[in-house]
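Student: I am new to this one and would like some help in reading it. Could we go through it together, feature by feature?

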Amino acid sequence: MSKTYTDYVNKTALTIEESYIDVKTGNQIQITPRVQEQLEYHTENQTLNHLILSALHQYFHPKSVSGNNEQILSEIADIKKLLLERNVAVNTAAKRKFHTSQDEELDLDLNEVVDVLEAFGG
């Protein structure tokens, strides 16, 4: 059974079936209650065309989350090493404890990565 959402102000109408076919994968996907909620919300607020265009933009230009994780983690490890070397220069006892060779990799704690990303707006 289909339902039509109409934004009369912006002259936008959208008919939604119970399921749709993802054109990228060919899989049939059911419409979730969350999607129906958003369609009703945007219909009531005369922003249905914005929702459609935003969804299309996100569909055709997805943000890649996994990208180059190894490169990012490597750069974060380098930043951590620089920060440790700077702090170690002040404290000579800690300098002996944290002195590492260039070839030796530092262990990277995921919580520290999150802290660095939050600190720099990531």
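**A guided first look**

Tutor: Gladly! Of the 122 residues in the protein, 15% are buried. Keep in mind that this is a predicted model.

Student: How many helices and strands does the protein have?

Tutor: There are five helices and four strands. Along the sequence they follow the pattern β-β-β-β-α-α-α-α-α.

Student: And what does the protein expose, in area?

Tutor: About 10,400 Å² is exposed, and carbon and sulfur atoms supply 54% of that area.

Student: Let's begin with the strands. In which sense do strand 1 and strand 2 pair?

Tutor: A general idea helps here: in a regular strand the side chains alternate between the two faces of the sheet. In this model, strand 1 pairs with strand 2 (residues 12–16) in the antiparallel sense, over five bridges. To follow the pairing residue by residue, start at Thr-4, which stands opposite Thr-15 in strand 2. Then take Tyr-5, whose bridge partner in strand 2 is Leu-14.

Student: What sits between the two strands of that hairpin?

Tutor: Four residues lie between the strands, and in this hairpin Lys-11 takes a positive phi near 55°. Lys-11 has that positive value although it is not a glycine. You will find Lys-11 in the loop between strand 1 and strand 2.

Student: Why does Lys-11 count as exposed?

Tutor: Lys-11 counts as exposed because its relative accessible area is 78%, and the cut-off for exposed is over 50%.

Student: Where does Gln-46 lie, with its positive phi?

Tutor: Gln-46 lies in the loop between helix 1 and helix 2. Its phi is near 55°, again in a residue other than glycine. Gln-46 is partly exposed, with a relative accessible area of 34%.

Student: Now for the inside. Which residues make up the largest nonpolar core?

Tutor: The general idea is that in soluble globular proteins, nonpolar side chains tend to be buried together. Here the largest nonpolar core has five residues: Tyr-5, Ile-16, Ile-31, Leu-39 and Leu-48.

Student: Taking Leu-39 from that set, which residues is it in contact with, leaving aside its neighbours within four places in sequence?

Tutor: Leu-39 is in contact with Tyr-5, Leu-14, Ile-16, Leu-48 and Leu-51. You have already met two of these, as Tyr-5 and Leu-14 are bridge partners.

Student: How do contacts across the sequence look for the whole protein?

Tutor: Take the contacts between residues at least 6 apart in sequence: 42% of them join residues at least 24 apart. For a pair to find on screen, try Leu-73 and Val-113, which are 40 residues apart in sequence and 8.1 Å apart in space, C-alpha to C-alpha. Leu-73 lies in helix 3 (residues 69–90) and is partly exposed, at 34% relative accessible area.

Student: What about charged side chains? How many salt bridges are there?

Tutor: In general, side chains of opposite charge can pair when their charged atoms come close. The count here comes to two salt bridges. One of them joins the side chains of Lys-3 and Glu-40, at 3.3 Å from N to O. That pair links distant parts of the chain, with Lys-3 in strand 1 (residues 3–7) and Glu-40 in helix 1 (residues 33–44), 37 residues apart. Lys-3 is partly exposed at 40% relative accessible area, and Glu-40 is partly exposed at 34%.

Student: Which residue forms a salt bridge with Arg-34?

Tutor: Arg-34 pairs with Glu-37, and their closest N and O atoms are 3.8 Å apart. Both residues lie in helix 1, three residues apart, which is about one turn of the helix.

Student: Are Arg-34 and Glu-37 exposed or partly exposed?

Tutor: Arg-34 is exposed, with a relative accessible area of 53%. Glu-37 has 47% relative accessibility, so it counts as partly exposed.

Student: One last stop, on the surface. Which residues make a nonpolar patch there?

Tutor: Look for Leu-53, Leu-56 and Phe-60, which make a nonpolar surface patch of about 330 Å². Leu-56 has its place in helix 2 (residues 48–60). Leu-56 is partly exposed, with a relative accessible area of 41%.

Notes: Residues numbered from 1 in each chain as written. Predicted model: local features only at pLDDT ≥ 70, side-chain atom pairs only at ≥ 80, totals over all residues. Heavy atoms only, no water. Patch = residues over 30% accessible without salt bridge, like charges linked within 9 Å, V, L, I, M, F, W, Y side chains within 5 Å. Areas by Shrake-Rupley, 256 points an atom, 1.4 Å probe, with all protein chains shown as cover. Salt bridge = Lys/Arg side-chain N within 4 Å of Asp/Glu carboxyl O. Buried < 20%, exposed > 50% of the residue type's maximum accessible area, 1.4 Å probe, protein only. Core = buried A, V, L, I, M, F, W, Y, C linked by side-chain atoms within 4.5 Å. Contact = heavy atoms within 4.5 Å. Pairing = 2+ DSSP bridges.
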